[in-house]
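Biologist: Please take one part of this model and go through it closely. Then connect it to the rest of the chain, with the cut-offs behind each term.

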Amino acid sequence: MATPAVLLLIAFVAVPFLAAIGFSLYNVRLGDPRDPNFMGVEQYARIFTDPNISAQFLSALLHNLIFAAIVVPVQTALALGLALLVKKTIPGVGIFRSLYFLPVVFPIALVAIIWRLILARGDQGLLNSALAFFSGGAFGAQDWLGSETTALASVIVLSIWQGCGFQMVILLAALQQVPSELYEAAELDRAGPWQRFIHVTIPGIRTTLVFVALYTMILSLRVFDQIYVLAKSGGGLNEGATRTVMYEAVTAAFDQNNIGRASAISVVFFVIVVILSLIQRRATRNQEG
């Protein structure tokens, strides 16, 4: 029964990863008529020793870590709050579930374009217009995407809004599996709403909560699409303040035509993501124990 899934993983994960390792050992450039020359681990050494390359890589990695450190807890908590809200059996709750999940089905390119209009600089931006209206003109127009201070925060808000609905659905399914008898027993013991949440809800969905946090972290670390669309569609995104490791890899591959360097960056980043995932899984397992 597992054979189709294993074959797909081999074809679309294992084989491309092994190919990336192979490319990283050579000086491979797109459109270069010359044969690739073997470089060994020099591409990897340059990532950490070449001042021009290492500075950009470490800066991009820092952006990834900041992004994940904010998105994982905020998006998980928000998704849990929404799941608890739509779990209630009230009239029209199905409409709210659909509305909260709707951003998930939107293509990320469309989401980025929508938020580009919301965060546009000057008075034409929807957010700037709203803030000016409600503040009576006291709040001046801001360049949300172009400012080094707010560019990454803007991408974080966009990502949380777009991805929260998916985690909400997973947590909602877990909440519906918690036996109602446990809540009834807690009420008989005069447990308040907060006590029921801490001692019944959280233990009942702990495994799903760990999965959602781990899944969100992996998605956060490989963030690329929204940054690329905002940067290349004329949105005025400050690339220096928002470049991620995946952005660096794509830039090296298709802007600089350096497939070898892009492959080395991807392999190094894959190892970093695996290590961080194992650390998070070990930490959550200890808490479960």
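Modeller: Helix H9, residues 193-221, spans only 35 Å between its end C-alpha atoms, where a straight helix of 29 residues would span 42 Å at 1.5 Å a residue. That expected span is 1.5 Å multiplied by one less than the number of residues. Helices here are DSSP runs of H or I with at least four residues, strands are runs of E with at least two, and both are numbered from the N terminus. The model is predicted, so local features need pLDDT of at least 70 and side-chain atom pairs count only at pLDDT 80 or more, while totals for chains, interfaces and linings use all residues. Residues are numbered from 1 along each chain as its sequence is written, and side-chain values use heavy atoms, with hydrogens and water left out.

H9 bends by about 65 degrees at arginine 206. The bend at a residue is the angle between two fitted axes, one for the seven residues ending there and one for the seven starting there.

The loop between helix H8 (180-188) and H9 holds arginine 190. Arginine 190 is not a glycine, yet its phi is positive, at about 65 degrees. Most residues other than glycine have a negative phi. Arginine 190 is exposed, at 78% relative accessibility; the classes are buried for under 20% relative accessible area, exposed for over 50% and partly exposed in between, with a 1.4 Å probe and protein chains only.

H9 also takes part in ring pairing. Rings of Phe, Tyr and Trp (its six-membered ring) pair if their centres lie within 6.5 Å; planes under 30 degrees apart are stacked, over 60 edge-to-face and the rest tilted. By this rule there are 12 aromatic pairs. One of them is phenylalanine 166 with tyrosine 215, a tilted pair with 5.7 Å centre to centre and 45 degrees between the planes. This pair joins helix H7, which holds phenylalanine 166, to helix H9, which holds tyrosine 215, across 49 residues of the chain. Phenylalanine 166 is partly exposed at 32% relative accessible area, and tyrosine 215 is partly exposed at 30%. Ring pairs extend this to a cluster of Phe166, Phe211 and Tyr215.

Tyrosine 228 and tyrosine 247 make another tilted pair, with 6.1 Å centre to centre and 55 degrees between the planes. Tyrosine 228 is in helix H10 and tyrosine 247 in helix H12 (residues 245-255), 19 residues apart. What is the burial class of each ring's residue? Tyrosine 228 is partly exposed, with a relative accessible area of 35%, whereas tyrosine 247 is buried, at 1%.

H7 and H10 come up again in the packing. A nonpolar core is a set of buried Ala, Val, Leu, Ile, Met, Phe, Trp, Tyr and Cys residues joined through side-chain atoms within 4.5 Å. The largest one has 23 residues, and the members touching the most others are Phe67, Val155, Ile156, Ile227, Leu230 and Leu237. Helices H3 (51-86), H5 (108-118), H7 (151-175) and H10 (225-232) are the elements that give two or more residues to this core. H7 gives the largest share, six residues. Another core lies apart from it, with 22 residues including Met168, Leu171, Leu172 and Tyr183. With contact taken as heavy atoms within 4.5 Å, isoleucine 227 touches Val155, Leu237, Thr242, Thr244 and Tyr247, leaving out residues up to four places away in sequence.

After H12, the loop to helix H13 (259-288) contains asparagine 257. Asparagine 257 has a positive phi near 60 degrees, again in a residue other than glycine. At 30% relative accessibility, asparagine 257 is partly exposed.

As for the whole, the protein chain has 13 helices and two strands. Its C-alpha atoms fill a box of roughly 75 × 60 × 30 Å along the principal axes. Of the 289 residues, 37% are buried. Among contacts between residues at least 6 apart in sequence, 68% join residues at least 24 apart.
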